[in-house]
Amino acid sequence: MSARKPPTQAEVDTALVPVAAWLDDEREKPSRPEVAAAVRATARYLAAQHPGGAVEVRVPPYVAVQCIEGLNHRRGTPPNVVETDPRTWLLLATGRLSWADALANAAVHTSGSRADLSGVLPIIKQ
């Protein structure tokens, strides 16, 4: 299995264009491929900007990435997991939703002592 090249900021910006109005509650949900592209690009960009294996970020059904320096997870259920839905992830990644608000609204599920992304989000400010 070959290593995937991480997206550039320009590629992330391009992937976010079709979903921006949806994130701002100005239109209906974009197509599944548009949402998938935006979710994958932003999650992989996070992993490239904050490499490591201490935290696994899951945005089902589109992507799971490992990031943040620390002990690497190799097998089984990781000790530090962040999981959320695609729209919430994109809101967090673009700074439209704060980490604290997402936790308060139970829009993000975390486990483990290192499963706090408040210091690395947002990754793209729109």
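Here is a walk through this predicted model, from the whole chain down to a couple of threonines.

Let's start with the overall picture. The chain holds five helices and four strands, and reading from the N terminus the elements go α-α-α-β-β-β-α-α-β. Its radius of gyration is 14 Å, and since a compact globule of 126 residues would come out near 14 Å, the two agree. If you like boxes, the C-alpha atoms fill one of roughly 40 × 40 × 25 Å along the principal axes. Some 44% of the 126 residues count as buried. The exposed surface comes to about 7000 Å², with carbon and sulfur atoms supplying 49% of that area. As for the contact map, take the contacts between residues at least 6 apart in sequence: 56% of them join residues at least 24 apart.

Now for the sheet. The four strands form an open sheet in the order E2-E1-E3-E4, and the pairing is mixed. E2 (63-67) and E4 sit at the edges with a single partner strand each, so one side of each has no neighbour in the sheet. On average, neighbouring strands are turned by 15° against each other, ignoring direction.

Where does the mixed pairing show up? Follow strand E3 (residues 81-84). With E1 (residues 55-59), E3 runs parallel, joined by three bridges; in one of these pairings, Val57 has Val82 as its bridge partner. With E4 (residues 108-111), E3 pairs in the antiparallel sense over four bridges, and here Glu83 is partnered with His109. In general, strands of a sheet pair through backbone hydrogen bonds, in either a parallel or an antiparallel arrangement.

Thr84 belongs to E3 as well. Is this residue buried or exposed? Thr84 counts as buried because its relative accessibility is 6%, below the 20% cut-off. Its side chain also has a polar partner: the backbone oxygen of Ala107, reached at 2.6 Å. Beyond its neighbours within four places in sequence, Thr84 is in contact with Arg58, Val59, Pro60, Trp89, Ala107 and Val108.

One of those contacts, Trp89, leads us on to helix H4. H4 covers residues 86-93, and seven of its eight residues are buried, so the helix is largely enclosed by the rest of the structure. The buried ones are Pro86, Thr88, Trp89, Leu90, Leu91, Leu92 and Ala93. At the N-terminal end, Asp85 acts as a cap, with a side-chain oxygen 3.2 Å from the backbone nitrogen of Arg87. Just past the helix, Gly95 adopts a positive phi of about 80°.

The last stop is helix H3 (residues 32-49), home of Thr42. H3 lies across E1 and E2, and runs at about 10° to E2. Thr42 has a relative accessibility of 1%, so this threonine counts as buried too. What does Thr42 touch, leaving out residues up to four places away in sequence? The list is Val12, Leu16, Trp89, Leu90, Ala93 and Ile123. Trp89, Leu90 and Ala93 are among the buried residues of H4, so Thr42 on H3 meets the enclosed helix directly. Trp89 ties the tour together: this residue touches Thr42 and is also in contact with Thr84 of the sheet.

How values were computed. Residues are numbered from 1 along each chain as its sequence is written. This is a predicted model: local features need pLDDT of at least 70, side-chain atom pairs count only at pLDDT 80 or more; totals for chains, interfaces and linings use all residues. Side-chain values use heavy atoms; hydrogens and water are left out. Two strands pair if DSSP finds at least two bridges between them. Helices (H or I, at least four residues) and strands (E, at least two) are DSSP runs, numbered from the N terminus. Buried means under 20% relative accessible area, exposed over 50%, partly exposed in between (1.4 Å probe, protein chains only). A polar contact is a pair of N or O atoms within 3.5 Å; within protein, one must be able to donate a hydrogen and the other to accept it, and residues adjacent in sequence count only if both atoms are side-chain atoms. Contact means heavy atoms within 4.5 Å. The radius of gyration is taken over C-alpha atoms; the globule rule is 2.2 Å times the number of residues to the power 0.38. Accessible areas come from the Shrake-Rupley method with a 1.4 Å probe; for residues, only the protein chains shown count as cover. Axes are lines fitted to C-alpha atoms, for helices over the stretch in contact, and angles run from 0 to 180 degrees between N-to-C directions.
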